[in-house]
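Please open the model in a viewer and keep the selection panel at hand. The stops below are taken in turn, each with a selection to make and a description of what is found there.

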Amino acid sequence: MINKNKISNLKKERRSFLKLTTFSVAAIGSSFAVWPFIDSMNPSADVLAQGIKEFDLSNIEEGSSKTVKWRGKPVFIKHRTKNEIEEARNVKLSELKDPQKDEDRVLKPEWLIVVGVCSHLGCIPSGQKVSDAKGDFNGWFCPCHGSHYDSSGRVRKGPAPRNLEVPKYKFIDTNKIKLG
Amino acid sequence: MAKKFKNKTLAWLDYRLPIFSVLKEALVDHPTPRNLNYWWNFGSLAGITLIIMIVSGLMLSMHYVAHVDLAFDSVEHIMRDVNYGWLIRYIHSVGASMFFLIVYIHISRGLYYGSYKSPREVLWWLGIIIFLLMIASAFLGYTLPWGQMSFWGATVITNLFSAIPLVGDSIVTWLWGGFSVDNPTLNRFYSLHFLIPFVIVGIVFLHIVALHKFGSNNPTGIDITLKEESIPFHPYYTIKDLFGLGVFFIIFGIFVFFLPNSLGHPDNYIPADPLVTPEHIVPEWYFLPFYAILRAIPFKLLGVLAMLGSILILFALPWLDTCKVRSCRFRPIYKQFYWIFIVNFFILGWVGSKVPEGHYLIISRICTGYYFIHFLIILPLLGFFEKTLPVPANIFKEHNKKK
Ligand code: HEM
Ligand code: FES
């Protein structure tokens with residue numbers, strides 16, 4: 001009797017071990033199998049390829065800005081005046097919500113290049129045209145929920161948590177940039 | 001065994017495929033409390049509206065093109081060139097509003113008569129799941145015409161996910177299939193918009209299975225114990241439901257034929273422009289209360305959590321409400337809080353349509369606070385402190401008392 005019990009107990013243990021291993025292998029296997037489906041929803045190769053674009057800056061006069069479309073988003077190219085540069089550089093870092101030096105946000109001080117998408121919920125701030133509302137800090141103003149950005153594209157007031165993003169770019173000529 | 005069907009062919013078929021006896025049980029014989037009032041019409045109305053949405057959506061899908069360059073024009077093509085296209089589109093867009101109206105009333109009925117209480121918790125959960133799927137479906141559908149509100153609504157709502165710490169931005173990119181709301185986004189939104197209503201049909205089926213396990217609740221909220229308290233569903237409730245359907249169709253018709261755009265936003269007749277944000281982004285009216293909760297809170301992540309929480313909290317309702325008595329009829333104090341809650345919800349909807357500044361912001365904060373206080377403090381405490389009225393032994397006793 002005792003022997004029989006022992007054997008059936010052993011069998012039970014073996015069975016639960018087999019169950020456990022089978023289920024874990026199946027679970028791990030199927031989570032690997034799911035990945036291609038999930039990843040298929042990520043940006044495809046052609047969308048990624050669109051991510052690189054060149055722009056000519058020569059016809060943007062000092063004091064004005066231009067909006068170009070890159071990766072489906074507006075990019076603000078601002079030819080800053082001396083005043084605007086100084087304004088941006090004279091701010092104490094401690095006053096900023098997302099502290100960042102103006103020097104770290106530009107390659108050349110007169111050219112500020114930022115993605116024109118509010119870091120709150122993705123609206124496009126106004127301030128590109130001379131007549132636009134530029135907010136309290138002489139940069140941009142997001143009408144959706146009232147975020148103010150300064151002449152370096154840094155958030156100064158409102159619900160936006162971060163500064164306007166600086167995209168990856170480089171100067172390929174004195175007046176030509178490559179975005180992406 | 002008693003013969004279920006006189007018709008021999010039907011009996012033969014049902015013997016092999018018992019779907020007909022299931023239908024007969026559900027739509028003809030099903031014993032139903034005889035005291036149901038008109039608030040009980042809204043379940044069947046919701047079901048019929050779901051069918052209307054699927055049929056009209058299917059007809060639209062034969063003409064609609066899910067591409068950023070063609071979507072807006074294809075909807076205009078439906079409106080102008082397709083035979084009765086205008087009718088089908090208005091049925092679909094007004095129908096979405098009607099669907100929400102009906103389901104909001106249906107949920108309020110449940111709240112008033114305590115239909116979420118034991119043993120109907122799972123029935124209640126399934127209902128909330130349907131509501132969540134409806135929200136998803138309507139949001140996705142609204143992006144399809146690719147107007148300004150479509151585009152910017154989709155942008156703002158998908159950006160909510162960026163509030164998630166660490167992985168938020170990758171999730172948003174994944175949702176978009178790109179770096180902004182664009183063609184891949186529109187395509188997948190269309191796929192999902194097509195799919196979700198059929199998932200809803202599946203959940204509705206489970207909802208009804210759960211319903212028929214214990215039968216409908218009724219205005220007194222008491223369990224049905226006597227045979228005479230029930231009547232067969234057909235013809236009594238089929239007729240009552242049909243009558244309600246007639247009234248509903250009149251209201252639906254008034255909107256479809258005379259006020260088709262009154263429930264929507266005119267900006268959606270401007271083609272989507274990724275470089276210009278409309279001055280004031282508002283969702284469809286049926287999302288306004290939740291939108292108000294989102295914007296009431298100044299921190300992005302908390303706002304998103306509060307908005308989600310305001311719906312998810314309904315899952316816990318059967319346990320947050322500690323009172324054993326179901327119906328408001330015998331809960332004089334809860335009844336008052338119920339109406340305060342409803343008014344509060346309307347105020348939330350109203351501030352949701354305003355720019356969140358100044359006193360609108362303050363109102364939205366107070367109402368958001370109250371919304372949660374209702375569920376988390378008032379309901380649990382009421383169960384202990386409220387003195388409920390005596391509950392009748394059966395539904396006839398309650399009627400006699402009234403007379
Ligand atoms: C739960 C059910 C459904 C809801 C709540 C719903 C909601 C919506 C909404 C709000 C719109 C935007 C209407 C507008 O402003 O023009 C829409 C559009 C659309 N829906 Fe649905 N829908 C549902 C089911 C379906 C189904 C089952 C299909 C396909 C079989 C479908 C296909 C379409 C198409 C093609 C459009 C774009 C045309 C248009 O905008 O008028 N829908 N839907
Ligand atoms: S999206 Fe800019 S402030 Fe909200």
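**The iron site**

Begin with ligand 1 of this predicted model: select its iron atom together with His92(B) and His193(B), whose NE2 atoms coordinate the metal at 1.9 to 2.0 Å. Colouring chain B by helix shows that this pair links distant parts of the chain, with His92(B) in helix α5 (residues 85-113) and His193(B) in helix α9 (residues 183-214), 101 residues apart. Next, display every donor around the metal. What is the arrangement of the 6 donor atoms around the iron atom of ligand 1? The angles subtended there run from 87 to 180 degrees, and the arrangement is therefore octahedral.

**Helices α3 and α10 of chain B**

Select residues 42-61 of chain B, which form helix α3, and residues 233-258 of chain B, which form helix α10; their axes come within 10 Å and cross at roughly 50 degrees. Because of that angle, α3(B) is oblique to α10(B). The crossing itself is right-handed. To view the contact, show Ser44(B), Leu45(B), Ile48(B), Thr49(B) and Ile52(B) on the α3(B) side. Their partners in α10(B) are Asp241(B), Gly244(B), Leu245(B), Phe248(B), Phe249(B) and Phe252(B). Sorted by class, this contact between α3(B) and α10(B) comprises 7 nonpolar, 3 polar and 1 charged residues.

While α10 of chain B is on screen, select Pro235(B), which lies in this helix. The peptide bond joining His234(B) to Pro235(B) is cis, with omega at about 5 degrees.

**Helix α11 of chain B and its partners**

Move to helix α11 (residues 288-296) of chain B and add helix α12 (residues 300-320) of chain B. The two pack at an angle of about 145 degrees, and their axes are 7 Å apart. Their crossing is right-handed. From α11(B), Phe290(B), Ile293(B) and Leu294(B) meet a group in α12(B) made up of Gly303(B), Val304(B), Ala306(B), Met307(B), Ser310(B) and Ile311(B). By class, 7 nonpolar and 2 polar residues take part in the contact of α11(B) with α12(B), and no charged ones.

Now keep α11(B) and replace the partner with helix α14 (residues 358-385) of chain B: here the axes are 9 Å apart and the packing angle is about 105 degrees. How are α11(B) and α14(B) oriented to each other? They are roughly perpendicular, because angles of 65 to 115 degrees count as such. Phe290(B), Ala292(B), Ile293(B), Arg295(B) and Ala296(B) supply the α11(B) side, meeting Leu361(B), Ser364(B), Arg365(B), Thr368(B) and Tyr371(B) in α14(B). This contact of α11(B) with α14(B) holds 6 nonpolar, 2 polar and 2 charged residues. Phe290(B) and Ile293(B) are thus worth labelling, since they take part in the contact with α12(B) and also in that with α14(B).

**Backbone details**

Most residues other than glycine have a negative phi, and most peptide bonds are trans. With that in mind, select Ser118(B) and Pro119(B), which are joined by a cis peptide bond with omega near 5 degrees. Pro119(B) belongs to the loop between α5 and α6 (121-143) of chain B.

Finish in chain A by selecting Asn138(A), a residue other than glycine with a positive phi, near 60 degrees. Asn138(A) is found in strand β5 (residues 138-142) of chain A.

Technical notes: Residues numbered from 1 in each chain as written. Chains lettered and ligands numbered in written order. Predicted model: local features only at pLDDT ≥ 70, side-chain atom pairs only at ≥ 80, totals over all residues. Heavy atoms only, no water. Axes fitted to C-alpha atoms, helices over the stretch in contact; angles between N-to-C directions. Helix = DSSP H or I, 4+ residues; strand = E, 2+ residues; numbered from the N terminus. Parallel < 35°, antiparallel > 145°, perpendicular 65-115°, else oblique. Left-handed = near helix turned anticlockwise from the far one by under 90°. Contact = heavy atoms within 4.5 Å. Nonpolar A, V, L, I, M, F, W, Y, C, P; charged D, E, K, R; others polar. Donors = N, O, S within 2.8 Å, 3.2 Å for Na, K, Ca; no water. Tetrahedral: all angles 85-135°; square planar, octahedral: opposite > 155°, others 65-115°.
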